[in-house]
Amino acid sequence: MQCDCCGKRKLPFESFEDIEFEGKRLHICVKCSRLVYKIREASECEPENVLPLISKLEKRTRSDSNDFKKWFYKKCSGRR
């Protein structure tokens, strides 16, 4: 299994977050998951801090992770 955001392979005893989206299962590593939750929190109380966090996530995201990008922009940011 590997992260649908950054492509990191799951190591033994490491946990990934499982997300169901449009009939598919997405797997997100801890680092990407933390960044997504920081973006959610910042968008609610500190909107000026959202863009730098989104750019960090976009740098981590692989170019072929279209399902993750769709999920993120639909469920989390609502910006694109």
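How many cavities of 30 Å³ or more does the structure hold? The structure holds 1, and since this is a predicted model, please read everything below as a description of computed coordinates.

Let's start with that enclosed space. Rolling a probe the size of a water molecule over the atoms shows where empty space is left. In the largest cavity, that space comes to about 30 Å³. Eight names are worth finding on your screen: E17, I19, I28, S33, V36, Y37, R40 and W71 line this cavity. By character, the lining divides into 5 nonpolar, 1 polar and 2 charged residues. Which elements each supply at least two residues of this lining? They are β1, spanning 17-21, and α1, spanning 30-45. The largest share comes from α1, with 4 residues.

From the cavity wall, follow β1 to its neighbour. Strand β2 covers residues 24-28 and pairs with β1 in the antiparallel sense, over 5 bridges. I19, one of the lining residues, has L26 in β2 as its bridge partner. The two strands make a hairpin with 2 residues between them. If you look into that turn, you will find E22, whose phi is positive at about 50 degrees.

Now go back to the lining and pick up W71, which leads to another part of the picture. W71 lies in helix α3, made of residues 66-77, and so does F68, 3 residues away, or about one turn of the helix. Both F68 and W71 are buried.

How are the aromatic rings arranged here? A pair of aromatic rings is described by the distance of the centres and the angle of the planes. The structure holds 3 aromatic pairs. In one of them, F68 and W71 are tilted, at 5.8 Å centre to centre with 40 degrees between the planes. F68 also pairs with F72, and this pair is stacked: the centres are 6.2 Å apart and the planes differ by 15 degrees.

Where do F68 and F72 sit relative to each other along α3? They are 4 residues apart in the helix, so about one helical turn separates them. Are these two rings buried or exposed? F68 has a relative accessible area of 2%, so F68 is buried. F72 also counts as buried, because its relative accessibility is 2%.

Stepping back, F68, W71 and F72 join Y73 in one aromatic cluster. W71 therefore links the two halves of this tour, as a residue of the cavity lining and a member of the aromatic cluster.

Note on methods:
Residues are numbered from 1 along each chain as its sequence is written. This is a predicted model: local features need pLDDT of at least 70, side-chain atom pairs count only at pLDDT 80 or more; totals for chains, interfaces and linings use all residues. Side-chain values use heavy atoms; hydrogens and water are left out. On a 1 Å grid over the protein atoms alone, a cavity is a set of points where a 1.4 Å probe fits but cannot get out, and a pocket is an open set with protein on both sides within 12 Å along at least five of seven lines; lining residues have an atom within 4 Å of a point. Grid points are joined across faces, edges and corners, and a volume is the space filled by probe spheres set on the points. Ala, Val, Leu, Ile, Met, Phe, Trp, Tyr, Cys and Pro count as nonpolar, Asp, Glu, Lys and Arg as charged, and the others, Gly among them, as polar. Two strands pair if DSSP finds at least two bridges between them. Rings of Phe, Tyr and Trp (its six-membered ring) pair if their centres lie within 6.5 Å; planes under 30 degrees apart count as stacked, over 60 as edge-to-face and the rest as tilted. Buried means under 20% relative accessible area, exposed over 50%, partly exposed in between (1.4 Å probe, protein chains only).
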